Amino acid sequence: MKRLGLDYLTLEKENPRIIYCALTGFGQTGPYRDRPGHDINYISIAGVLGNNGAKEGPPVIPGVQIADLSGALMALVGILLALFNREKTGRGQMMDVSMTDAAFFLGVNAAAQYIGDGRNPLRGGERLTGGLACYNVYPTKNGRYISIGALEEKFWATLCKAVGREDLISELNAPPERQEKLIGIFHNIFLSRTLDEWVKILEPLETCFAPVLTIEEAFRDPQLRHREMIFDVDHPLLGLLTQLGLPVKLDRVSGPQSFHAPQTGEHTEEILASLGYGDWQIEDFRQRGIV
């Protein structure tokens, strides 16, 4: 950007109110600042990939791009903070956001454990990464999977009663070696029925569980549909298109965005008018084929 004359220091001289966000893999400083990379590389450096996967197994690539998406969210947070600050000070500022930093920040639980006792977290063996019977993923009879999150005593007790193992209620916080045996017990229990059968058994009860859905199933999920995370928009050329909604619901803004993605040049005249060009100038551009 500096080579193009579009770096922050250059633009800030022209407009001190400008808010400028640099979002890169490793940030604007440090020994890796010019190193190329992708999400898989950023989460490797951040320790996230190394902490993701089954016990004694290899690291598993997550199903979402953690560094890319969390980096974008951190950039959004920074921009909003800068806008708020500009309302008070009248000046803009620059944000330096690293996707690696963002991924490292999301690994706060593992980092806190290391800071606290100096022990490197065990992949697939800690409390919330596969080390507990009450917080795990189990296969079912038809090859599908069910997630269990019964961390609290009341949820665990309900689960144990539902599967006919009330004798295990007192073992919620059993030591690691016993947890491995409990995981094996529940593994066999959930293999005794199909996923749909387990959903019918557990859905009426107050315990934390969920079927592991495919993306196709998630698109049909009644909760996501009700929350307007999936909705359809009528496109003038392509017909009905499925769109993703916004996860933030504002009480003074109703419904998802209902307009389609713009076609090439669709808003050019509106933008030119907003920049001060008159109708005759825009018509001249149109006659010359510029618009």
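These are my notebook entries on a few strands, a pocket and some single residues in a predicted model.

**Entry 1: the strands**

I started with strand S3, residues 135-139, and followed it to strand S4, residues 145-149. The two run antiparallel and are joined by five bridges. For a pair to anchor the view, I picked Tyr 138, whose bridge partner in S4 is Ile 146. S3 and S4 make a hairpin, with five residues between them. In that turn I found Gly 143 with a positive phi of about 85 degrees.

Next I asked myself which strand pairs with S4 over three bridges. It is S5, residues 209-211, and the sense is antiparallel. Here I noted Ile 148, which has Phe 209 as its bridge partner in S5.

**Entry 2: the second largest pocket**

S5 turned up again when I looked at the second largest pocket, which has a volume of about 340 Å³. Its lining has 13 residues, and the closest to the centre are Val 199, Pro 211, Leu 213, Asp 221 and Pro 222. I then checked which elements contribute: helix H8 (195-202), S5 and helix H9 (215-220) each supply at least two lining residues. What is the lining like by class? I have seven nonpolar and six charged residues written down, with no polar ones.

**Entry 3: Thr 100**

I moved on to helix H4, residues 99-106, where Thr 100 lies. Buried or exposed, I wondered about Thr 100? Thr 100 counts as buried because its relative accessibility is 8%, and the cut-off for buried is under 20%. Its side chain reaches the backbone oxygen of Gly 25 at 2.7 Å. Leaving aside residues up to four places away in sequence, I listed Gly 25, Phe 26, Tyr 42, Ile 45 and Ala 46 as the residues that Thr 100 touches.

**Entry 4: two glutamates with positive phi**

I keep in mind that most residues other than glycine have a negative phi. Glu 56 caught my eye, then, with a positive phi near 65 degrees. I placed Glu 56 in the loop between helix H2 (39-45) and helix H3 (66-89). Glu 56 is exposed, since its relative accessible area is 78%.

Glu 228 also has a positive phi, of about 60 degrees, though it is not a glycine. Where does Glu 228 sit? I found Glu 228 in the loop between helix H10 (222-226) and strand S6 (230-235). With a relative accessible area of 34%, Glu 228 goes down in my notes as partly exposed.

Terms used: Residues are numbered from 1 along each chain as its sequence is written. This is a predicted model: local features need pLDDT of at least 70, side-chain atom pairs count only at pLDDT 80 or more; totals for chains, interfaces and linings use all residues. Side-chain values use heavy atoms; hydrogens and water are left out. Two strands pair if DSSP finds at least two bridges between them. Helices (H or I, at least four residues) and strands (E, at least two) are DSSP runs, numbered from the N terminus. On a 1 Å grid over the protein atoms alone, a cavity is a set of points where a 1.4 Å probe fits but cannot get out, and a pocket is an open set with protein on both sides within 12 Å along at least five of seven lines; lining residues have an atom within 4 Å of a point. Grid points are joined across faces, edges and corners, and a volume is the space filled by probe spheres set on the points. Ala, Val, Leu, Ile, Met, Phe, Trp, Tyr, Cys and Pro count as nonpolar, Asp, Glu, Lys and Arg as charged, and the others, Gly among them, as polar. Buried means under 20% relative accessible area, exposed over 50%, partly exposed in between (1.4 Å probe, protein chains only). A polar contact is a pair of N or O atoms within 3.5 Å; within protein, one must be able to donate a hydrogen and the other to accept it, and residues adjacent in sequence count only if both atoms are side-chain atoms. Contact means heavy atoms within 4.5 Å.
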